[in-house]
Amino acid sequence: MDKSAKRALEAMRSAGERAERLGIADMSLDEINAEIAEARKEMKARENSKGSPDKGSCQRS
């Protein structure tokens, strides 16, 4: 097994262990997608409430 494959395997193992610790290892794909959609909705609401520039904007502070 090459170095890249070993790193990928370790990352998957680590993610699985973390999911177990957080109690989310048995979430269905639908539940995961719902969580992602909700997080994106909340992020967009925060961005809109701050009056932040559009994503395509090159303005920097």
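I take a residue to be partly exposed when its relative accessible area lies between the buried limit, under 20%, and the exposed limit, over 50%. The model I am reading is a predicted one.

**Entry 1: Ile32 and its patch**

I looked up Ile32 and found it in helix 2, which covers residues 29-50. Its relative accessible area is 35%, so I recorded Ile32 as partly exposed. I then asked which residues make a nonpolar surface patch with Ile32. They are Leu29 and Ile36, and the patch has an area of about 260 Å².

**Entry 2: the salt bridge**

I next looked for salt bridges, and the count came to 1. Side chains of opposite charge can pair when their charged atoms come close. Here the partners are Arg13 and Glu10, and their closest N and O atoms are 3.1 Å apart. I noted that this distance meets the cut-off of within 4 Å.

Where do Arg13 and Glu10 stand in helix 1? They are 3 residues apart, and therefore about one helical turn separates them. I also checked how far each partner is covered. Arg13 has a relative accessible area of 43% and is partly exposed. Glu10 is partly exposed as well, with a value of 42%.

**Entry 3: helix 1 and what follows**

I compared the span of helix 1 with the expected one. Its 20 residues, at 1.5 Å a residue, should span 28 Å. The C-alpha atoms at its ends are 29 Å apart, so I recorded agreement. Finally, I looked past the end of helix 1 and found Gly23, which has a positive phi, near 75 degrees.

Terms used:
Residues are numbered from 1 along each chain as its sequence is written. This is a predicted model: local features need pLDDT of at least 70, side-chain atom pairs count only at pLDDT 80 or more; totals for chains, interfaces and linings use all residues. Side-chain values use heavy atoms; hydrogens and water are left out. A salt bridge is a side-chain nitrogen of Lys or Arg within 4 Å of a carboxyl oxygen of Asp or Glu. Helices (H or I, at least four residues) and strands (E, at least two) are DSSP runs, numbered from the N terminus. Buried means under 20% relative accessible area, exposed over 50%, partly exposed in between (1.4 Å probe, protein chains only). Patches are made of residues with over 30% relative accessible area and no salt bridge: like charges are joined within 9 Å, nonpolar side chains (Val, Leu, Ile, Met, Phe, Trp, Tyr) within 5 Å. Accessible areas come from the Shrake-Rupley method with a 1.4 Å probe; for residues, only the protein chains shown count as cover. The expected span of a helix is 1.5 Å times one less than its number of residues.
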